[in-house]
Amino acid sequence: MKVRGRVALSGGGVAALVLLAGFALLPLAQQPFVTRIGTGIFILALATISLNLLVGYGGLVSFGHAAYFGAGAYAVAILSHYGTHRGWIAFAAAVGGSALLALILGAASLRVRGVFFIMITLAFAQMLYHLSTAVEKLGGDDGLRVVPNSFGPLFLGERITLYYVSLGLLCAGLVISDRLVASHFGRVLVGIRDNERRMRSLGYNPYHYRLLAFVIAGALAGLAGALEANLDAYASPELLHWSISGDLLVMLVLGGSGSIVGPLFGAVSFQLVQQVLSGFTSHWMLYFGPALVLIVFVSRRGVAGLFAGTRPHHVRGGR
Amino acid sequence: MDFGLFAEQTLNGVQYGIMLFLMAAGLSVIFGIMNFINLAHGTLYMIGAFFFATFDAWLGNFAVALLLAILASLLLGLVLDRGVMQRLYDRTHLDQVLATFGLLMFFNELAAVLWGTEPYFIPVPALLDGTIALPGDIDYPVYRLAITAVGLLVALGLYLMVEHTRFGMLIRAGATDRETLSGMGVDVRWLYSGVFAIGVMMAALAGMVTGPLVAVQVGMGETMLIVAFVVVVIGGIGSITGALVSSLLVGVVDTLGRALLPVWLGYTAGPALASMSIYVLMAAVLLLRPQGLSGARRA
C-alpha cells in the first residue's frame, strides 16, 4: 500500500497484485463457468470495498448495504425498462441514485450509534425490499429484466467484456479506497472512529464526515449493483434482501476489515468456500454457519492477516 | 371503509403488536443488560413454531404441546447461552452480529433439513375455533382474542417479575452496574443465562401462538426480527412499558396502513406506502426523539 506517495507495498498488497494478475489471465482458460463466477466475485468485492469504508475505517457497522447495491441494479433496470441502454447514463444514474439514497438514509441513521445504528440500517434496507415487492411498476416479486448496457463499442452483454470491465472497476475501487483512506478525509474519519471526542474538540464535525463516508460508500455500492444488473440481465428484490447485507459483512470480516485489500480476499475466499461446500452438500450453510461462529471466536484479523506485513486497523467502533 | 372493518383491523393490529412485544421485549432486555445484539432472535421465533407444530402433530393435544414447546425453548435458550452467547457478551457489536448471523444460517438450514421447506399448518384447537360476536356487528375469531390475552398476560407477568421480584431486582441492578452486582456476590453469568432463556422463550412463544394463523416455514422469523428492531428503536431501550406502547403502535399502524391506504390512495400508491409506513414512523421518531418514546438511555 502507498504511504504518503511512496510506494510501499505490504505482503497483502503483493498477494493482491498476484491474485489480480491471475484473474486477468483466467479467461484464457476459456471456461464460461469460471468467467461467470469471476465476474460475480469482482462485483461482490467492489461492494465489500465500499462497505469497508464504513465498517473498517468509519467504525460504522451498517447492516443495510444491500439497499445501495440493489438500488444501483434497479436504477439500471428502470432505465432499461424505459428504453435507455446507454452505459454512461445508466451507470451515472446507478451511482448518483445510490449516493442520493445513502444521503437520505444516512442522515437519519447517523443520528444514533452502536447497536441502534445496526438495527436502523437493517430496517431501512428492509423497507426498500418491501417497497420493491409492493410496487408493480418495479415488477413486484418478479423484478425487472435488463438489456445489458453499452459504452460505445463495449457491450456488457458480452461475457468477456463484462469480466474485464468488472475487473477494471474493481482495481479502480481498490485504488480509490486506498487514496481515500490516505487522504485528509480518510485520516479524519479514522480519527473519529478511534477517538470521537478528541476530533470534536479539534473542530471536526463527526456527523458530516460520517455522512460523506456513507454517501461515498453508497455510490460505490451502486456501481457494483449496476454491474450485477448487467451480469444477471435482471434486477430482483433478492438483491435488496437483508441476507446480501449479511454476506457482504461476512466477506469483509473474512478478508479483514480496515485493510485495503481485505475485501478482495474476503470475496474470493467466501465464493470459493461457497462453491466448494455446495459441491459436497446442498446444505452448505449447516457447516458455514458454525464455522463463522468459530472464526469470530478465534480470530479478528481475517484472511488478510495471514499475509505478513499487513496490519489491519482493528475496528474499535461499534460499542 | 365501514366501522366494523376498521374495528376488526384495529384488533388484528393489536394482536400483531402483542406478538411483536414478545419479540421486542426479549431483544430490549437482553440488550439492556448484556449489551448484546442477537440476529438469531427471529430464528428462535421460527424454532418455537416448529417445536410446537411437531409436538402438536405427535400428541394431538394443543395445551400439552404448548407446554412442552415452551420448556424445550427455555432449554434451548440455556444451552445456547452457555455454549455460544456467553463468549460474545464482551465482544464488539460487529463480532456479535457476525457470530449470530452464523447461528441464524445454521438454524435456518437445520430447520430446512429437519422439517423441510414446505410450509406447516397448525390447526386451531376446537375450543378456540370459531368467532365471537362483538359490539358493532363484528364476528371476530376467538383464537386471535385468546392469543392477544395470552400476550397481555405475559407482558403483565414480565412487568411484575422485573419490578417486584428478587430476580427482577437483580436484572435491574445488572442493567445499571454489573460490576458492583458481581462484587456483591451475585453470579452474573447465571443471571445472564436466565435473562437470555426467558427472552428466547418469549420469542418462541410468539412463534408458537402465531403458528395456527400463518404458514410455519423457514424464514418466517427474520421478517419478525426486523420489525421487532423497528419497535425497539421507536420504544427506546430499558423500559417494558416503552416496548409495549411501541409494539402496539407499530402493530396497529402496519395493519391499518395495509387495510386503509390502498382504499384511500388506490391500488398503485397504496400498497407501496403501506409497505413503508412503519419505517417512515421510525424515521420520524429518529428525527423528533432520537432516544425513543420511553426516553431511556441510548447507546
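The crossing of helix H7(A) with helix H9(A) is left-handed, and this pair offers a convenient way into what is a predicted model. H7(A) covers residues 184-194 and H9(A) residues 206-232, and the two helices pack at an angle of about 120 degrees with their axes 10 Å apart. On the H7(A) side the contact is made by Val188(A), Leu189(A) and Ile192(A), while H9(A) contributes Pro206(A), Tyr209(A) and Ala213(A). By class, the contact of H7(A) with H9(A) has 6 nonpolar residues, with no polar and no charged ones.

Two aromatic residues elsewhere in chain A show how segments remote in sequence are brought together. Phe91(A) belongs to helix H4(A), which runs over residues 87-109, and it counts as buried because 23 C-beta neighbours lie inside 10 Å, where the cut-off for a buried residue is 20 or more. If residues up to four places away in sequence are left aside, Phe91(A) touches Leu223(A) and Ala226(A). From C-alpha to C-alpha, Phe91(A) and Ala224(A) are 9.7 Å apart in space, although 133 residues separate them in sequence.

Tyr163(A), the second of these residues, is found in helix H6(A), residues 159-182. Tyr163(A) is buried, since 22 other C-beta atoms lie within 10 Å. Its contacts, again not counting residues up to four places away in sequence, are with Pro27(A), Thr35(A), Gly38(A) and Thr39(A). The C-alpha atoms of Tyr163(A) and Gln31(A) are separated by 12 Å, and the two residues are 132 apart along the chain.

The backbone deserves a separate look at two loop positions, one in each chain. Most residues other than glycine have a negative phi. Gln30(A), however, has a positive phi of about 55 degrees although it is not a glycine; this residue lies in the loop between helix H1(A), residues 11-25, and helix H2(A), residues 32-57. Gln30(A) is exposed, because 9 other C-beta atoms lie within 10 Å and the cut-off for an exposed residue is 12 or fewer. In chain B, Asn35(B) is likewise a residue other than glycine with a positive phi, near 55 degrees, and its place is the loop between helix H1(B), residues 3-34, and helix H2(B), residues 41-59. With 18 other C-beta atoms within 10 Å, Asn35(B) is partly exposed.

From that loop the reader can follow chain B into H2(B), whose axis comes within 7 Å of the axis of helix H8(B), residues 188-210, and crosses it at roughly 50 degrees. H2(B) and H8(B) are therefore oblique to each other, and H2(B) passes H8(B) in a right-handed crossing. The residues that H2(B) brings to this contact include His41(B), Leu44(B), Tyr45(B), Phe51(B) and Phe52(B), and among those that they meet in H8(B) are Val200(B), Ala203(B), Leu205(B), Met208(B) and Thr210(B). The residues of the contact of H2(B) with H8(B) divide into 13 nonpolar and 4 polar, with no charged residues.

Chain B also contains a strand pairing, in which S1(B), residues 131-134, and S2(B), residues 138-141, run in the antiparallel sense over 4 bridges. Within this pairing, Ala133(B) stands opposite Asp139(B) of S2(B). The hairpin has 3 residues between the strands, and Gly136(B) takes a positive phi near 95 degrees in it.

It remains to consider how the two chains meet. The contact takes 41 residues from chain A and 38 residues from chain B. On the side of chain A that touches chain B, helices H5(A) (114-134), H10(A) (242-255) and H12(A) (285-298) each supply at least two residues, and the largest share, 14 residues, comes from H5(A). The residues on this side of chain A divide into 30 nonpolar, 7 polar and 4 charged.

H5(A) packs against helix H10(B), residues 240-288, at an angle of about 170 degrees, with the axes 8 Å apart. That angle makes H5(A) roughly antiparallel to H10(B), a description that applies to angles over 145 degrees. Ala123(A), Phe124(A), Met127(A), His130(A), Leu131(A) and Ala134(A) of H5(A) meet Pro271(B), Ala272(B), Ser275(B), Met276(B), Tyr279(B) and Met282(B) of H10(B). The residues of this contact between H5(A) and H10(B) divide into 10 nonpolar and 2 polar, with no charged residues.

Methods
Residues are numbered from 1 along each chain as its sequence is written. Chains are lettered from A and ligands numbered from 1 in the order in which they are written. This is a predicted model: local features need pLDDT of at least 70, side-chain atom pairs count only at pLDDT 80 or more; totals for chains, interfaces and linings use all residues. Two residues are in contact if their C-beta atoms, placed from the backbone, lie within 7 Å. Ala, Val, Leu, Ile, Met, Phe, Trp, Tyr, Cys and Pro count as nonpolar, Asp, Glu, Lys and Arg as charged, and the others, Gly among them, as polar. Two strands pair if DSSP finds at least two bridges between them. Axes are lines fitted to C-alpha atoms, for helices over the stretch in contact, and angles run from 0 to 180 degrees between N-to-C directions. Angles under 35 degrees count as roughly parallel, over 145 as roughly antiparallel, 65 to 115 as roughly perpendicular and the rest as oblique. A crossing is left-handed if the near helix is turned anticlockwise from the far one by less than a right angle, and right-handed if clockwise.
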